Amino acid sequence: MGILFGITLFKAEAVSWFRIYEMFRFDSFHMYGIIFSAIALGLVVVQFIKWRHLRSTEGQEIHFQPKDKRWPRYIIGGSIFGMGWALAGVCPGPMFILLGSGYTVFVVFLLAAMTGTFLYGVLRKRLPH
Amino acid sequence: MVPEFLLQLKDLISQPWPWYVAGPMIALIMFVLLFFGKEFGMSANLRVMCAADGAGDMADFFKFDWQSQGWNLLVALGAVFGGYLAATYLSGPDGNVAHISAATVASLEEMGFSFENGEVPLVPEFYSWEYLFTWRGLLIIVGGGFLVGFGARYAGGCTSGHAISGISALQLASVYAVIGFFAGGLFMTYVLFPLIFNA
């Protein structure tokens with residue numbers, strides 16, 4: 001699945017800093033097309049799974065755990081992520097994908113991201129959730 | 001010899017992919033992962049990687065059974081390999097170019113970027129080790145990377161986890177997350193970029 005994901009995002013140019021920039025400028029439908037069509041089909045998939053009480057290969061019924069609804073963590077965390085997304089032009093998926101495409105500097109991106117995640121882990125109790 | 005139709009298939013895949021192919025493909029990937037009892041979310045890997053490196057000793061957040069999440073690392077590894085395959089074997093007829101709109105190109109040129117033949121490379125030049133040692137490079141690569149890692153886990157997910165999986169599962173939390181993503185992204189693009197790139 002990972003390989004498919006990598007090829008998909010790369011060929012759809014979703015790994016491009018310029019595409020992300022373009023997305024935030026609303027200059028093209030492309031990135032929105034990718035995300036919305038994924039959501040559209042995703043909605044169908046999830047409803048199908050729920051309707052048919054589909055079981056996974058592990059034998060359990062596939063269950064969608066409701067996420068914690070307290071909004072501060074999402075708005076604040078999301079904004080921080082969004083800023084990074086625009087600045088770096090990548091989110092975690094593309095970081096791995098571009099590393100594979102030969103841009104070894106992504107090791108630094110990943111280390112920086114891991115540092116960010118680590119710092120979150122450490123500061124978590126003091127942050128608003 | 002390689003059958004003709006396989007070569008044609010390869011050429012077809014090597015064309016830039018339109019959104020209506022990529023989006024559904026992503027949804028399909030999510031479905032397969034769900035079918036195997038997993039979830040689709042790339043940023044969880046960052047947390048697992050920290051835990052695997054021993055971060056559990058320093059913060060409770062990393063004290064979890066990360067070995068059970070090993071499958072997600074495999075997905076990430078697959079993504080790495082996918083990037084390699086796509087870049088090496090599936091380059092389109094234009095090479096690795098980003099087909100962005102003219103309006104975006106114009107705005108980039110205003111910020112000081114220049115492109116040969118008006119062709120925008122898929123990957124910007126500032127993704128390089130040389131650039132890392134300039135203040136802008138440091139800001140983009142280390143700063144940007146840090147914000148992504150911190151923000152993604154604070155929000156509990158990134159584009160794959162929230163925007164796609166979360167919204168498909170009708171999670172209100174994910175809608176909040178995406179609002180946050182855009183608030184941050186737009187702020188960066190419209191307020192901070194002119195400062196960073198025109199300095």
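Let's start inside chain A. The buried residues of helix H3 of chain A pack against helix H2 (17-24) of the same chain, and also against H2 and H8 of chain B. Keep in mind that this is a predicted model.

Which residues of H3(A) are buried? Near the start of the list come A:His30 and A:Met31. Then A:Ile34 and A:Ile35. Then A:Ser37, A:Ala38 and A:Ile39. A:Leu41 and A:Gly42 follow. A:Val45, A:Val46 and A:Ile49 complete the set.

Now a quick geometry check on that helix. H3 of chain A covers residues 30-51, which is 22 residues. At 1.5 Å a residue, the expected span is 32 Å. The end C-alpha atoms sit 31 Å apart, so the two figures agree. Just past the helix, A:His53 has a positive phi, about 45°.

Over to chain B. It has 199 residues, and 44% of them are buried. The secondary structure is 9 helices and 2 strands. What is the order of elements from the N terminus? It reads α-α-α-α-β-α-β-α-α-α-α. Now the contacts within chain B. Take those between residues at least 6 apart in sequence: 54% of them join residues at least 24 apart.

Next, the interface. On the chain B side, 106 residues are in contact with 91 residues of chain A. Eight helices are listed as each supplying at least two residues to that side: H2 (19-35), H3 (44-52), H4 (70-89), H5 (102-110), H6 (129-132), H7 (135-155), H8 (159-168) and H9 (172-198), each of chain B. Which helix gives the most? That is H9(B), with 17 residues. As for chemistry, the side of chain B that touches chain A divides into 76 nonpolar, 28 polar and 2 charged residues.

One last residue: B:Lys38. Where is it? B:Lys38 is in the loop between H2 and H3 of chain B. Buried, exposed or in between? B:Lys38 has 19 other C-beta atoms within 10 Å. Buried takes 20 or more, and exposed takes 12 or fewer. So B:Lys38 counts as partly exposed.

What does B:Lys38 touch, leaving aside neighbours within four places in sequence? The contacts are B:Leu33 and B:Trp71. B:Trp71 is 33 residues away along the chain, yet the C-alpha atoms of B:Lys38 and B:Trp71 are separated by 8.6 Å. B:Trp71 falls within the range of H4 (70-89) of chain B.

That's the tour.

Definitions and conventions: Residues are numbered from 1 along each chain as its sequence is written. Chains are lettered from A and ligands numbered from 1 in the order in which they are written. This is a predicted model: local features need pLDDT of at least 70, side-chain atom pairs count only at pLDDT 80 or more; totals for chains, interfaces and linings use all residues. Helices (H or I, at least four residues) and strands (E, at least two) are DSSP runs, numbered from the N terminus. Two residues are in contact if their C-beta atoms, placed from the backbone, lie within 7 Å. Ala, Val, Leu, Ile, Met, Phe, Trp, Tyr, Cys and Pro count as nonpolar, Asp, Glu, Lys and Arg as charged, and the others, Gly among them, as polar. The expected span of a helix is 1.5 Å times one less than its number of residues.
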